[in-house]
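Me: I'm new to this one and would like some help reading it. Could we go through it feature by feature?

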Amino acid sequence: RAVAMSVSHSSRLNKLVREQYMRLPQDGLVQVTYVWIDGSGEGVRCKSRTLDKEPKSIEDVPEWNFDGSSTAQAEGSNSDMFLVPVRMFRDPFCLDPNKLVLCEVLKYNRKPAETNLRHTCKKVMDLVKESHPWFGMEQEYTLLGINGHPYGWPDNGFPGPQGPYYCGVGADKVYGRDIVESHYKACLYAGVKICGTNAEVMPSQWEFQVGPCEGIEMGDHLWMARFILHRVCEDFGVVATLDPKPMTGNWNGAGCHTNYSTEEMRREGGLKHIEAAIEKLSKRHDYHICVYDPRGGRDNSRRLTGHHETSNIFEFSAGVANRGASIRIPRQVGQDGYGYFEDRRPAANCDPYAVTEAIMRTTVLNETGVETKDYADH
C-alpha cells in the first residue's frame with residue numbers, strides 16, 4: 001500500500017487500453033513532438049503536431065511557436081516564442097514513423113531566449129571544430145515518489161547506510177530498475193547516444209552515460225535523454241529529480257561528470273595536452289563553478305563539500321584515479337600516456353551546453369578570468 005500511494009494517478013490507468021489505440025494505422029501521417037527547454041533552464045516542455053509525411057531530415061520539420069508566458073519565457077502581452085528544430089530522433093513512445101524534435105527557443109525578435117544556451121555553445125563549437133572535441137557525460141538522478149520522498153525508501157525513516165547499493169542487485173538494494181531499463185531501451189530506439197547505466201551510491205539514485213559525442217551533439221543528446229527519462233517516469237508514475245543534493249545528511253549528491261578530450265589528447269603522447277588543459281582549468285575555477293549549475297554555483301555548494309566523493313567547491317584539485325578531486329585522470333590514461341580526463345564538478349542539473357562551451361573556451365580558446373568573449377563580432 002505504501003508503494004501504491006507514492007505513484008501518480010495517471011500511472012494507474014489501464015495501459016492495455018492505450019495499446020489498442022497505439023496500434024491503429026496513421027495512413028501516412030506523422031506525429032512530431034517538439035521538445036524545448038523552459039524558462040527555468042532545467043525543465044523540458046513538449047507539444048505535438050501532425051505532418052503530412054515523414055521528415056527525412058531536420059530541414060523537413062517546420063518552425064513552430066508556443067506561449068512563452070506560460071513557461072516563464074515571455075510577457076503575456078508579447079508571448080509568442082519561436083521553436084526552431086535542431087535535432088531529430090525516433091519517437092519511442094508513439095513509435096515509427098513518429099518523431100521527437102529538439103528545438104532552440106527564439107524570442108519575438110529572433111534573438112535566443114535567456115535559457116537558450118545552445119546558441120552560443122554552437123558558435124564556440126564551430127570555432128573549435130578542428131580540435132574534434134569529444135564529450136561523454138554521466139547523468140546522475142534520483143527517483144522520487146509523487147510525494148517527493150525517495151522512491152522505495154521507508155515512509156518513516158531511512159534505508160540502511162550507503163555501501164550495498166552502488167551497482168547493486170537484489171530487491172533490498174535496488175529500487176526502480178524497471179524504469180532504468182525502459183529508459184535505456186527507449187534511448188537506444190530514439191537514436192540517443194546512451195552508452196551505459198548503473199545504480200548509484202545512494203539508494204533510489206541512478207546514473208546513465210551519454211557519449212562519446214562531438215561538439216554540439218553532446219548537449220543535444222543529453223537533453224533528449226533527459227526528456228525521455230521524464231517521459232518514462234511519467235508512465236511509471238514516479239519523478240526523476242536532477243537536484244544535486246536531494247537528501248541532506250550522510251548521502252551522496254548527484255553530479256554530471258563530464259569526460260572530455262581533443263584529437264591531440266587522444267593521440268600518442270596526448271598526456272601532455274591533457275595536463276596543459278588541466279593547468280588552464282585550474283586558473284579559471286570560479287568561472288567554471290558559476291556555469292556548472294543553473295544558479296551560479298549555489299546548487300553545487302550543497303554537493304561539493306569535499307565529502308561523498310566530491311572535491312571542495314572552493315578548491316581546485318586534480319589527480320590520477322582520485323574521485324575526491326575536481327579533475328580525475330583515469331588510471332588507464334595515466335598508464336597509456338594519452339586519452340581523456342573527467343571534470344567531476346558539474347552538478348546533475350547543469351546545462352550540458354554551458355558545461356561543454358565553458359570547457360572549450362578555457363582549454364582551446366584560451367580564455368581567462370570570469371568574463372567570456374563574444375565571438376559574434378569576429
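Reply: Sure. Let's begin with a word we'll need: a residue counts as buried when its relative accessible area is under 20%, as exposed when that is over 50%, and as partly exposed in between. Keep in mind that this is a predicted model.

Me: What share of the 378 residues in the protein is buried?

Reply: Buried residues make up 51% of them.

Me: And what is the protein built from, in helices and strands?

Reply: You'll find 11 helices and 13 strands.

Me: How does the radius of gyration fit a compact globule?

Reply: For 378 residues, a compact globule would come out near 21 Å, and the protein has 21 Å, so the two agree. If you'd like its extent too, the C-alpha trace spans about 60 × 55 × 40 Å along the principal axes. Contacts add to that picture: take those with a separation of 6 or more, and 66% of them come from residues 24 or more positions apart.

Me: Now the helices. How do I describe two that pack together?

Reply: In general, you give the angle between their axes and the distance between the axes. Here, try helix 5 (residues 217-236) and helix 11 (residues 352-363): they pack at an angle of about 155°, and their axes are 8 Å apart.

Me: Is helix 5 roughly parallel or roughly antiparallel to helix 11?

Reply: Roughly antiparallel, because of that angle; the cut-off is over 145 degrees. As for handedness, helix 5 passes helix 11 in a right-handed crossing.

Me: Which residues in helix 5 and helix 11 meet?

Reply: From helix 5 come M218, G219, D220, L222, W223 and R226, and from helix 11 come P352, Y353 and T356. Sort the residues of this contact by type and you get 5 nonpolar, 2 polar and 2 charged.

Me: What should I look for in the backbone?

Reply: Exceptions to the usual pattern. Most residues other than glycine have a negative phi, and most peptide bonds are trans.

Me: Which peptide bonds are cis, then?

Reply: Here are two. One runs from D96 to P97, with omega near 5°, and P97 sits in the loop between strand 4 (80-90) and strand 5 (99-106). Another runs from G211 to P212, with omega near -5°; P212 belongs to strand 8 (residues 205-214).

Me: And where would I see a positive phi in a residue other than glycine?

Reply: Look at S204, where phi is near 80°. S204 is in the loop between strand 7 (194-199) and strand 8. H132 is another case, with a positive phi of about 50° although it is not a glycine. Its place is the loop between helix 3 (118-127) and strand 6.

Me: Are S204 and H132 buried or partly exposed?

Reply: S204 has a relative accessible area of 4%, so S204 is buried. H132 has 29% relative accessibility, so H132 counts as partly exposed.

Me: Let's finish with one glycine. Where does G160 lie?

Reply: G160 is in the loop between strand 6 (134-144) and helix 4 (177-190). Its relative accessible area is 34%, which means G160 is partly exposed.

Me: What does G160 touch?

Reply: Leaving aside residues up to four places away in sequence, G160 touches Y165 and W251. You can also compare G160 with P203: they are 43 residues apart along the chain, and their C-alpha atoms are separated by 9.0 Å.

Notes. Residues numbered from 1 in each chain as written. Predicted model: local features only at pLDDT ≥ 70, side-chain atom pairs only at ≥ 80, totals over all residues. Heavy atoms only, no water. Axes fitted to C-alpha atoms, helices over the stretch in contact; angles between N-to-C directions. Helix = DSSP H or I, 4+ residues; strand = E, 2+ residues; numbered from the N terminus. Parallel < 35°, antiparallel > 145°, perpendicular 65-115°, else oblique. Left-handed = near helix turned anticlockwise from the far one by under 90°. Contact = heavy atoms within 4.5 Å. Nonpolar A, V, L, I, M, F, W, Y, C, P; charged D, E, K, R; others polar. Rg over C-alpha atoms; globule rule 2.2 N^0.38 Å. Buried < 20%, exposed > 50% of the residue type's maximum accessible area, 1.4 Å probe, protein only.
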